[in-house]
Number of protein chains: 2
Amino acid sequence: MAKIAVLGYGVVGSGTVEVFFKNKENLEKKAGQELDIKYILDVRDFDDSPYKDKFVKDFDIILNDPEVTVIAEVIGGLKFSYPYVKSALEAGKSVVTSNKELVAAKGAELLTIAKEKNVNFFFEASVGGGIPIIKPIHTCLEANEIDEIAGILNGTTNFILTKMIRDGMGFDEALKIAQDLGYAERDPSADVDGHDTCRKICILAALAYGKHVYPESVHTEGITKVTLEDVEYADSGGCKIKLIGCAKREEGNDISIGVFPAFVKDDSQLAGVNDVFNAILVRGDATGDVVFYGKGAGKLPTASAVVSDIVSAVKHDKTSRSLTWTDSEQSFVRDFDDFTCADYIRVKGASKEAVVAAFGKVEFLSRKNAPAGELAFITPVMSEKDTVAACEKLIGADILGRIRVLDY
Amino acid sequence: MAKIAVLGYGVVGSGTVEVFFKNKENLEKKAGQELDIKYILDVRDFDDSPYKDKFVKDFDIILNDPEVTVIAEVIGGLKFSYPYVKSALEAGKSVVTSNKELVAAKGAELLTIAKEKNVNFFFEASVGGGIPIIKPIHTCLEANEIDEIAGILNGTTNFILTKMIRDGMGFDEALKIAQDLGYAERDPSADVDGHDTCRKICILAALAYGKHVYPESVHTEGITKVTLEDVEYADSGGCKIKLIGCAKREEGNDISIGVFPAFVKDDSQLAGVNDVFNAILVRGDATGDVVFYGKGAGKLPTASAVVSDIVSAVKHDKTSRSLTWTDSEQSFVRDFDDFTCADYIRVKGASKEAVVAAFGKVEFLSRKNAPAGELAFITPVMSEKDTVAACEKLIGADILGRIRVLDY
């Protein structure tokens, strides 16, 4: 019999308890033993809950109970989760979490403690919600060197972009609908400014390349500057605009990494990923492109990933099957000035001749009812710093928009 | 140090050896110990191979060498593979295989032996080539009840259908190109008649539902009757034609299962899967739809899955981490007469009134230059036997084509 504690009874926490008890019999068969949730930690009272006897408010009760061998942390943030998870691992308990902020900020440290204590620290739910991605990269693609990873990792921004693309809705209006539907927070900045995507691509990059990547090292742009004009030009170029987190292996074990809105071609497996869905493309040297698609958030998908990790932690009790990556100086993360791709640029007050003189051979795009003096074009593949320098050559012109163009 | 033997040095076998030695250092890090391929079994001579000292022609050398703990079977077929794999497992060696025919025919028996001997029998490469699907279903989606699985599981037929859809090429011409490119065998029947897809959906269904499903129990149709007229009507209905293997959980722990060409809607995640790519959609009760996409065949993708399984088998030496399913009477496989879906039907010599009288409310489709007297329509969702009965009501008419319509 394995006893489990769930920290936090919010959306994911209550989903975890729900999925656990709904499928308990099946989970026990898979774990090879009886399972029970002994404690649920929350500061609030849930007197009407069928699980009301399990609620505790003091983490130390859980920490000091030797019967509890697996803890599911679904509080989010760092303030409580970090000390709780750290002390749980140090006490020799396995931890599973859906908390990307925690993993992106403290993953290397927590994995090291787990290894030392011969317990597990699993976090399948931290990226892609219910989409299996962490374990498949770790255990199924291990015969590959991973050349690139690129993902649509945030459902909220993908919903907003889908509304803009499909319904011609402006950013503000689409955001409001996302908020009304509960997809976006009242303060939407973690999503729309790209920070959530950044944490997730950091986790995937650490997993693929074996070294912790801190969010602060990653160039991160959100979608707030994407306009309907950009959407129209993308359409005329046979592309969709998606918020992409991507990481790429470079020579000398360096990596390039970034988060930004990007044009992806209509026939890309990422272009058809709409609404709140997520997709992650992994490019292996042997297997080529593999794509994982599904619901990247939501109560039950995320909870099902947490519960799977609980079962894995129970099965692998007393052996450390955790992934590993090492802490690192961030010197292997290339300066974003050297990031190389094509760009879409929309400009006012520049002649075609001036554009060609600054960028070389470009592909001009068109849209209906474009105002006089507006030009839009796709640049050749060039480095970030060369693109910035070329833009500066368009003296007197106004850069109205710039979005990178990726080739997945 | 773990010593490995590779049985068969054809396309996948030579790829396995290539991927193994290319990434050996990394694989050893992941396996936590040194690795070597000690033997390669093949009846042919490879005197120019850098691995020529490893070749043997007598399986007993491998079987009787206690140093060999993991065997990779990549011969294919049943004649040699079945006795070799069975005796290897009985001798306490773990086996990994890419051989879907073997797993679909003998999986339950071989898994039982593996369990008894406390060794592993892994077969990630048997479905979806380099796409991780077996392990993710087994270890990542285990908190879900799997409601349905549907896949484009055969690259050859998907290539042919893509040529028909994109280039308006007839079946025979598209098949010839596939043969010229090496995607299709001289005798293409295993692919185009659906048998390969059938084996793969049997494996996935056994994994999802815990009981062996024998290919003989599965209604299987290929793509040889699909015409360009069908492709045009599909297009007018906003659909693509794909060869689908699908299995669905029904009441009372029964399953429905079948292999057939099907209309899928253009906005389905399966519709955009082109050329030799495969995709598998798994519908879980908690996680919703999850799709796995990638190259379903080919030397290096398949080899990379074999090599990953080798590493897993080495890591889990002396513990049986194999999946399990039980052998079974096939009584839980529902009669295909009860399979329920909508149908596309193309008919000559029937009036619209007669069609509506036979089928009820249908959606009529159109195509350019349809000859007089031709009708095409989508039926309501109804059982196979009711569809057949309704077709028989169209007395004097000629059924030119019939393709099921799926809703993924």
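Start with both chains on screen: a rotation of 180° with 0.0 Å of shift along its axis lays chain B over chain A, at an RMSD of 0.0 Å. The superposition is by least squares on the C-alpha atoms of residues with pLDDT of at least 70 in both copies. That relation is the one a two-fold axis gives. To find the axis, select B:Phe292: within chain B, its C-alpha is the nearest to the axis, at 2.4 Å.

A word on what you're looking at: this is a predicted model, where local features need pLDDT of at least 70, side-chain atom pairs count only at pLDDT 80 or more, and totals for chains, interfaces and linings use all residues. Residues are numbered from 1 along each chain as its sequence is written, chains are lettered from A and ligands numbered from 1 in the order in which they are written, and side-chain values use heavy atoms, with hydrogens and water left out.

Now color the interface. The copies meet through the same surface, because 100% of the interface residues of chain B are also interface residues in chain A.

**Next stop: the sheet in chain A**

Hide chain B and look for six strands in an open sheet, in the order S3-S2-S1-S4-S5-S6, with parallel pairing. Two strands pair if DSSP finds at least two bridges between them; strands (E, at least two residues) and helices (H or I, at least four) are DSSP runs numbered from the N terminus. At the edges sit S3 (55-56) and S6 (121-122) of chain A, each pairing on one side only. Then select residues 2-7 and 35-41 of chain A: these are S1 and S2, joined in the parallel sense over six bridges. For one of the links, pick A:Val6, whose bridge partner in S2(A) is A:Ile40.

**Then two helix pairs**

Select 100-117 (H5) and 195-209 (H10) of chain A. Their axes come within 9 Å and cross at roughly 50°; axes are lines fitted to C-alpha atoms, for helices over the stretch in contact, and angles run from 0 to 180 degrees between N-to-C directions. That makes H5(A) oblique to H10(A) (under 35 degrees is roughly parallel, over 145 roughly antiparallel, 65 to 115 roughly perpendicular, the rest oblique). Show side chains: A:Lys100, A:Glu101, A:Val103 and A:Ala104 of H5(A) meet A:Asp196, A:Arg199, A:Lys200 and A:Ile203 of H10(A), contact being heavy atoms within 4.5 Å.

Move on to 24-31 (H2) and 299-315 (H12) of chain A, with axes that come within 9 Å and cross at roughly 35°. Here A:Leu27, A:Lys30 and A:Ala31 of H2(A) touch A:Val307, A:Val311, A:Val314 and A:Lys315 of H12(A).

**Last stop: chain B**

Bring chain B back and select its S5 (94-97), which pairs with S6(B) in the parallel sense over two bridges. Click B:Val95 and look across to B:Phe121, its bridge partner in S6(B).
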